Structures are given as C-alpha cells and as structure tokens.
Amino acid sequence: MSFLEIKDLKVHYPIRGGFFNTVVDHVYAVDGVNMIIEQGKTYGLVGESGSGKSTTGKAIIGLEKITSGEIIYEGKNVAGKNRGRRSAFNKDVQMIFQDSMSSLNPRKRVRDLIAEPIRNFQRLSDQEERKRVLELLDIVGMPEDAMYKYPHEFSGGQRQRLGVARAVACNPKLIIADEPVSALDLSVQAQVLNFMKNIQQQYGLSYLFISHDLGVVRHMCDYISIMYKGRFVETGTREEIYSNPKHIYTQRLISAIPNINPLVREENKSNRRAVDAFYRENEHLYFDENGKVYDLNPLTKTHHVAIKESIKGAI
Ligand SMILES: Nc1ncnc2c1ncn2[C@@H]1O[C@H](COP(=O)(O)OP(=O)(O)OP(=O)(O)O)[C@@H](O)[C@H]1O
Ligand SMILES: [Mg+2]
C-alpha cells in the first residue's frame, strides 16, 4: 500500500538578468517527477551532479518552493501552504542531509540536537526525553557520553550517525537520505548503511535514497529512478535497472561502474567504449529536438523508460 504519492512535481528557479533585473529564463531543476512510495521499501534516486536530486528531496519535505505538482500524503495534498508545522506529514517524513557538518547546529549539544524533533511533536518529561535520546544513541551505536558533546567533536561518520538518530527520533515513515555516506570513507560507509538497513527492518521505514553512486544504490534499493536534467529517464526494480537497462543514459551510467577485478578490466574498458560510441550515435532518438527527456513510457508494470512510442519496439 502506498502512503505517499508525488505527482508531476516541478521546481523551476527564475534566472534574473538585464538592466531591470527581470526574469529572463528558468532553471528547470525538477521538471515533472512522479513517484509512489510504499511502506518498508527503499527507493533510489540516481543521477549526475546538478540533475535535481537534492531539489526533489527538499521539495518533498517542504524546504524548497514547489512550482507545481502534488504531494499526496494519506489521501491529502500537502504541497504548498496547507499543512501546519506540526502536521503528521512533517513528523512522518524526515531528511538526512548531504553535508552533516552544516546541517547540525554547531552551538547545540547532541542531547538537544536529537531531542529537538521530539520536542516539536511530543510532550515528554526531562527524564523520559533523556531516556529516549540514550535509546536513539544506542540504535546508531554511539556511547552515552556523546550526549554532552558538540557536533565538531565527532568524525564525519559519527556525525552522519547522529543525523540518522535525529531523523528516526519521531518514528517517521519515510526518511529522505541525501547522499548520506558520500563524504565518508569506504569502511565507515558500510557501517552507516548497515545501521540504516537495521533500523529499516526494526521499524518498517521507507527510504528515498539519493546518491550518484550506483554501487551503493544497488546494495540498498528495491526500486531505482535515474534522473537527468530534472526528469526521470528510467525507473524500475533493482533487477530491471541493473540487468536490463533500456535508456542509453542508464546504460552509460552502468557501464561506468568501476570493477575491482583486474581480470575483467580490459573487457570492461572496451565495453565502456562501445556503449559510449552507441550513445553518441543514438542520442537523438532518446532526447527530443531541445535535448529534453521524453515522458516515461511503460515496458512492464514496474519498468518505465523515457522514449518515443515509435521506437519502443526497437529497444
Ligand atoms: N536556489 C537555487 N537557485 C537557482 N538554481 C538552483 C538553486 N538550487 C539548485 N539550483 C540548480 O538546480 C539544479 C539541480 O540542483 P540539485 O542540487 O538538486 O542537484 P543534485 O542532483 O542534488 O546535484 P549533486 O549531486 O551535486 O548534489 C542545478 O542546476 C542547480 O544549479
Ligand atoms: Mg545534491
């Protein structure tokens, strides 16, 4: 059962210029995105830098003004102004930010940082609140004395875990995780990702997992959407995207995943060259005359590709 539906979401930023500082054009950061989020599932949002991933996440939780579109939460449209600061949606949808250093207030101790979302939505006594903060620190594997420290006293990995603790503090239904591990080294990445998976199993959480790293997304996600210039070029289950990518942009992204096995390195390299050459020859078939991504076209119930109807049979 889906509890959240994003319909035709658009975020356009005006570009001002000229003598009168008038709006001369727009950046189409997010340009018609649709998603259906079910309980307990992980959705990957993948794309190159500037494709609109963070803007999509921020627009969903209300940090970015939406140009048009609907966010249907439990049957009601919560896009725009018609939801209160303490609404169920604000409690149930939380975000972990791309940069943990600037997203945690440097002047607050961990105890207050983690208790802040709880204070917004629940009335707990001092004793109860302390107990809950300790519980949350335990969930993310941090010691009790972390309570009294400030964000700068932690490593990047630890800070990201604090971000996870803060996000799960009010038992949300969905966590939007924007590149939660990109700034961390590989061993710490695995730790944080495993925490996130454990918490998911315990609480039946859903994730919208934003990343440019297809390796991490493969490890985490049930469904994946590939984003390019503010639009989805392809969406599908993990198997559909990795084993049967249909859009040339997806194919190119997947062929660029590095392989650590030295025996297949040469083979991969020539494969990558072939995919690149194919991309250049066929680009015009997959994007319209303005270079815009077409609307998604269903291949199966779950697998959708942005192509013209007329070439659907040929791919
Ligand atoms: N406040 C803003 N004003 C104008 N343009 C913006 C603003 N915020 C983002 N953009 C533009 O919107 C586009 C999408 O940005 P966004 O941050 O969503 O990309 P991203 O996919 O998250 O990239 P990255 O992987 O680098 O984090 C970019 O072209 C960016 O320059
Ligand atoms: Mg981003």
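Which element gives the largest share of the shell around ligand 1? In this predicted model, that element is α1, which supplies 3 residues. The full shell consists of Y13, V27, A29, G47, S49, G50, S51, G52, K53, S54, T55 and H212. Two elements, β2 (22–38) and α1 (53–61), each give two or more residues to this shell. By character, the shell holds 3 nonpolar, 8 polar and 1 charged residues.

Let's move on to the sheet. Its 8 strands form an open arrangement with mixed pairing, in the order β6-β7-β8-β3-β9-β10-β12-β11. Why do β6 (93–96) and β11 (296–298) each have one side without a neighbour in the sheet? Both stand at the edges and have a single partner strand, so nothing in the sheet flanks the other side. From one strand to the next, the twist averages 20 degrees. At the β6 edge, the pairing with β7 (residues 174–178) is parallel and runs over 4 bridges; here I96 has A177 of β7 as its bridge partner. Helix α10 (residues 248–255) packs on the sheet, where it touches β9 (223–228) and β10 (231–237), and its direction makes about 105 degrees with that of β9.

Now for the helices. The axes of α4 (residues 110–121) and α6 (residues 156–168) lie 7 Å apart, and the two helices pack at an angle of about 35 degrees. On the α4 side, V110, L113, I114 and P117 make the contact, meeting L162, A165 and R166 of α6. These contact residues divide into 6 nonpolar, no polar and 1 charged.

Finally, look at α11 (residues 265–286), which bends by about 45 degrees at R280. This helix is hardly covered, with 1 buried residue among its 22.

How values were computed:
Residues numbered from 1 in each chain as written. Chains lettered and ligands numbered in written order. Predicted model: local features only at pLDDT ≥ 70, side-chain atom pairs only at ≥ 80, totals over all residues. Near = placed C-beta within 6 Å. Nonpolar A, V, L, I, M, F, W, Y, C, P; charged D, E, K, R; others polar. Bend = angle between axes of the 7 residues up to and from the residue. Buried ≥ 20, exposed ≤ 12 C-beta atoms within 10 Å, placed from the backbone. Axes fitted to C-alpha atoms, helices over the stretch in contact; angles between N-to-C directions. Contact = placed C-beta atoms within 7 Å. Pairing = 2+ DSSP bridges.
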